[in-house]
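Q: Please take a close look at a single part of this protein, namely its aromatic side chains. I should like a connected account of how they pair and where they sit.

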Amino acid sequence: MSTRSVMYSVIVPMYNEEEVITTTFERLTEVMKQTKESYELIFVNDGSKDDSAAIITELATIHDEVILIDFSRNFGHQIAITAGMDYANGQAIIIIDADLQDPPEVMLMMIEKWKQGYEVVYGKRIKRKGETWFKKTTAKLFYRLLRMMTNVEVPTDTGDFRLIDRKVCDVLKGLKEKNRFVRGLISWVGFKQASVEFIREERFAGVTKYPLKRMVSFALDAITSFSYKPLRIATYVGFAISFFSFIYLLVVVYQRIFTDSTEAGWASIIALNLLFNGIILILLGVIGEYIGRIYDESKNRPLYIVREVVSQENTTPSTGNRNMERRESDE
C-alpha cells in the first residue's frame with residue numbers, strides 16, 4: 001500500500017459513471033495543476049456495472065497521480081468515501097462526486113481556506129440546478145429534521161463535497177461504525193470549520209444514484225447514527241397512549257354504570273384496535289432500526305472488500321479478492 005508523500009488527495013467515488021468519468025478526470029487535473037503542488041486522484045469504483053473501472057485503469061497506467069480502488073461489489077457511497085480516506089496520503093483530502101454537479105474549480109477556494117488555518121472546509125450550495133422541487137424540498141426537510149433530532153451541528157444545504165485536513169482524516173479512520181454518515185462524522189469530530197458557497201450544477205451525464213429508496217435509507221442512517229431521540233419519542237408516545245387509553249377506559253366504565261348511552265359497537269372496537277396496533281407496530285419499527293444497526297456492528301465484518309488497486313506503483317491486479325479493512329492511523 002502506497003505511502004508516497006503528496007500535498008492533496010482527491011477522493012472520487014463512482015458508480016456507473018462511464019459517460020462522465022473521462023471529463024471528470026480532465027477537469028480535476030486542470031484544477032489541481034493550478035495548485036503547482038503534488039496531488040493524487042483516488043477513484044473508488046463502487047461496484048460499477050459499466051466501463052468506469054476500465055477507463056480509470058487505462059488512465060492509471062498513463063498518469064502517475066491516478067489510483068483506482070476497485071471494490072468487489074457495491075458497498076455504498078459512504079463506504080467508498082471511507083475507503084478513499086483509508087488510502088489517501090495527502091496533507092489535505094478533498095471529497096468530490098464524479099458527476100460534476102459539484103464544480104471542481106471550487107476546490108481551489110477550499111484549498112485557500114485550508115491554508116488560512118481551517119481544518120474542515122465544506123461546500124455550501126446556494127442554488128441547485130436541474131433538481132426537482134420534490135428533491136429540493138425533501139433535502140431541506142432532511143437537514144432541518146437532522147438538526148432537530150441530533151446534538152451534532154451538521155451544516156444545512158451541504159453534501160460530502162469538502163476538504164479535510166490530514167489530522168481530521170486520521171481521526172475518522174479510527175471510527176469503526178458500519179452504518180456511516182460521513183458528513184455527520186466530520187461534524188462530530190469537531191475541528192475548525194469554514195464554508196465556501198457555490199452553485200450546484202446539473203449532472204453532466206447519466207442519472208442520479210440516489211433514488212427515493214436510497215435517500216430514505218440514507219436519512220435513517222444519519223438519524224440513528226447520531227441520535228437516540230427516536231427511541232425517547234417512542235417512549236413518550238407509549239406513555240401518552242397508555243395515559244389516554246386509561247382515561248378512556250374510565251369514561252367507558254362510568255358510562256356503563258351510570259348512564260344508558262353505551263351500545264355494543266363493533267366498529268368502534270375495531271377502529272381503536274387498528275389505531276393502537278398501528279402505533280405499536282410503528283414504535284416497534286423504530287426500535288427495530290436500532291436493533292438492526294446493533295446487529296450490523298456486532299458482526300464485525302470489514303467495511304469493504306477490494307478486488308484490486310491499480311496505479312503505476314501497482315499496475316498488476318491482485319489475484320482473487322482480498323479483505324481490506326481500514327488502515328490504522330499509524331500505517
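A: The account below begins with the whole chain and then turns to the aromatic residues and their surroundings.

The model is a predicted one. The protein has 331 residues, of which 46% count as buried, and it contains 10 helices and 9 strands. Among contacts with a separation of 6 or more, 81% join residues that are 24 or more positions apart. The protein exposes about 17,400 Å², and carbon and sulfur atoms supply 59% of that area.

A search of the whole structure finds 4 aromatic pairs. One of them joins Tyr 8 and Trp 114 in an edge-to-face arrangement, with 5.9 Å centre to centre and 70° between the planes. Tyr 8 belongs to strand β1 (residues 6-14) and Trp 114 to helix α4 (residues 106-115); the pair therefore ties together parts that are 106 residues apart in sequence. Both Tyr 8 and Trp 114 are buried.

Phe 161 and Phe 198 also form an edge-to-face pair, at 5.5 Å centre to centre and with 90° between the planes. Because Phe 161 lies in strand β6 (residues 158-165) and Phe 198 in strand β7 (residues 193-200), this pair ties together parts that are 37 residues apart in sequence. Phe 161 has a relative accessible area of 3% and is therefore buried. Phe 198, at 5% relative accessibility, likewise counts as buried.

Phe 161 also leads to the nonpolar interior, since it is in contact with Met 107. Leaving aside neighbours within four places in sequence, the other contacts of Met 107 are Val 10, Leu 28, Val 31, Met 32, Ile 94 and Ile 96. Met 107 and Phe 43 are the residues with the most contacts inside the largest nonpolar core, which has 33 residues. Another core, of 30 residues, lies apart from it and includes Ala 80, Ile 81, Ala 83 and Ala 88. In soluble globular proteins, nonpolar side chains tend to be buried together.

A charged residue may be buried as well. Glu 40 lies in strand β2 (residues 39-45), and its relative accessibility is 0%, so Glu 40 counts as buried. The side chain of Glu 40 makes a polar contact of 2.5 Å with the side chain of Ser 9.

Further aromatic residues form a group: Phe 71, Phe 75 and Tyr 304 make up one aromatic cluster. The ring of Phe 75 has the charged end of Arg 73 over it, 3.9 Å from the ring centre. In a second case of a charge over a ring, Lys 192 lies over the face of Tyr 118, at 4.9 Å from the ring centre.

Phe 191 draws attention through its backbone. Although Phe 191 is not a glycine, it has a positive phi of about 75°. Most residues other than glycine have a negative phi. Phe 191 is found in the loop between α7 (182-189) and β7, and because its relative accessibility is 34%, Phe 191 counts as partly exposed. Leu 100, also not a glycine, has a positive phi of about 65°. The place of Leu 100 is in the loop between β4 (90-95) and α4. With a relative accessible area of 3%, Leu 100 is buried.

Terms used. Residues are numbered from 1 along each chain as its sequence is written. This is a predicted model: local features need pLDDT of at least 70, side-chain atom pairs count only at pLDDT 80 or more; totals for chains, interfaces and linings use all residues. Side-chain values use heavy atoms; hydrogens and water are left out. Helices (H or I, at least four residues) and strands (E, at least two) are DSSP runs, numbered from the N terminus. Buried means under 20% relative accessible area, exposed over 50%, partly exposed in between (1.4 Å probe, protein chains only). Contact means heavy atoms within 4.5 Å. Accessible areas come from the Shrake-Rupley method with a 1.4 Å probe; for residues, only the protein chains shown count as cover. A polar contact is a pair of N or O atoms within 3.5 Å; within protein, one must be able to donate a hydrogen and the other to accept it, and residues adjacent in sequence count only if both atoms are side-chain atoms. A nonpolar core is a set of buried Ala, Val, Leu, Ile, Met, Phe, Trp, Tyr and Cys residues joined through side-chain atoms within 4.5 Å. Rings of Phe, Tyr and Trp (its six-membered ring) pair if their centres lie within 6.5 Å; planes under 30 degrees apart count as stacked, over 60 as edge-to-face and the rest as tilted. A charge sits over a ring if NZ of Lys or CZ of Arg is within 6 Å of the ring centre and within 35 degrees of the ring normal.
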